Each structure stands twice: as structure tokens, then as C-alpha cells.
Amino acid sequence: MTIADFAEGIQSDALKAILRHWDSVRGSNRLPAFQQLRLDEVAKEIKRLWVYRYSPETKRFVGRMSGSAVIHALGKNLSGLPLEEAYTAQTYLWVYQCLSRVVTEPAIYRSSGALYRQADRTIMGERLALP
């Protein structure tokens, strides 16, 4: 499946813009380096982004950046926070397995529906994880 084919299944215009940017900066490489991302080009969507740094040696994820909407939704800033400290044990296992697959294959992950709970509300939407 091509990136263009994959993008057709995405409903959110913001996520489509982020995917297009990711694809354009990676060029012919499998993955872009974080330094290649031009965050000013996705400034409108940056509040919805969170970025983890992955260490292949330790197989750990540590937060690198959290947008304001992410901080508000989760009630915490993920920057500098190890993945295992960001989530409950049950949620961590699922998130870790998903993100590990994204970075090791590499793969792109997309989901839609219930994204998280905030107080007594279930927040619906669409999520994209890029390596």
C-alpha cells in the first residue's frame, strides 16, 4: 500500500496534513529524522502532536514533545517522561506494543473511535502513529 492509498482512509484533514508532511520530508528514506521535520509547516496541527524518542538499545520510549491539546487531554506533559510513567500499567502494555511495532517494522498506525477518557467523558476521534 502506498502512502497516498493509506491517506485515503484518514478522515481528519489535520492528520492527512501531518502524514503528507512526514512523507515529504523523509524523501527516499524509510523514515525521517526528527530534525528533518519542519514543525512550522504543521504549526496548525502541532497542538495535537506528541513525539517520543525511541532507544533501540534499551527498547524504551521517552517523551520528546507534547502539544498543548495533548497536555490538556492527558493532564500531563509527556516531554521527558518515560512511556511507562505516562500511562497506567494496563494501558502502557497496549501503547508500548503498538509503538514498538511502528518503530521496528516500520509501520504506520491509524485508529479511530474512542481515543481516551477524560473525567466521565469518552473522547472520540482519530489517531495516527508515525515512525
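**Exercise 1.** Where is the place of lysine 59? Work it out, then describe the backbone and the exposure of this residue.

*Solution.* A word first: this is a predicted model.

- Step 1: look for the flanking elements. Strand S1 covers 50-55 and strand S2 covers 60-66, and lysine 59 sits in the loop between them.
- Step 2: check the backbone. Phi of lysine 59 comes out near 60 degrees, which is a positive value in a residue other than glycine.
- Step 3: check the exposure. The relative accessible area of lysine 59 is 48%. Exposed would take over 50% and buried under 20%, so lysine 59 at 48% is partly exposed.

**Exercise 2.** Go to helix H5 and decide: is serine 100 buried or exposed? Then find a partner for its side chain.

*Solution.*

- Step 1: place the residue. Helix H5 spans residues 89-104, and serine 100 is in it.
- Step 2: apply the cut-off. Buried means under 20% relative accessible area; serine 100 has 12%, so it counts as buried.
- Step 3: follow the side chain. It reaches the backbone oxygen of tyrosine 96, at 2.8 Å.

**Exercise 3.** Which two residues does a cis peptide bond join, and where does the proline lie?

*Solution.*

- Step 1: read omega. Between glutamate 105 and proline 106 omega is about -15 degrees, and the peptide bond there is cis.
- Step 2: place the proline. Proline 106 belongs to the loop that runs between H5 and strand S3, the latter being 109-118.

**Exercise 4.** Zoom out and sketch the whole protein chain: its elements, its dimensions and its surface.

*Solution.*

- Step 1: list the elements. The chain has five helices and four strands, and from the N terminus on they go α-α-β-β-α-α-α-β-β.
- Step 2: test the overall dimensions. For 131 residues, a compact globule would have a radius of gyration near 14 Å; the chain has 15 Å, so the two agree. Along the principal axes, the C-alpha atoms fill a box of roughly 40 × 35 × 30 Å.
- Step 3: look at the packing. Of the 131 residues, 37% count as buried. Among contacts with a separation of 6 or more, 35% come from residues 24 or more positions apart.
- Step 4: finish with surface and charge. About 8,200 Å² of the chain is accessible, and carbon and sulfur atoms own 53% of that. There are 18 positive and 13 negative side chains, with the centres of the two sets 3 Å apart.

Terms used. Residues numbered from 1 in each chain as written. Predicted model: local features only at pLDDT ≥ 70, side-chain atom pairs only at ≥ 80, totals over all residues. Heavy atoms only, no water. Helix = DSSP H or I, 4+ residues; strand = E, 2+ residues; numbered from the N terminus. Rg over C-alpha atoms; globule rule 2.2 N^0.38 Å. Buried < 20%, exposed > 50% of the residue type's maximum accessible area, 1.4 Å probe, protein only. Contact = heavy atoms within 4.5 Å. Areas by Shrake-Rupley, 256 points an atom, 1.4 Å probe, with all protein chains shown as cover. Lys, Arg positive; Asp, Glu negative; His and termini not counted. Charge placed at Lys NZ, Arg CZ, Asp CG, Glu CD. Polar contact = N/O pair within 3.5 Å; in protein donor to acceptor, adjacent residues only side chain to side chain.
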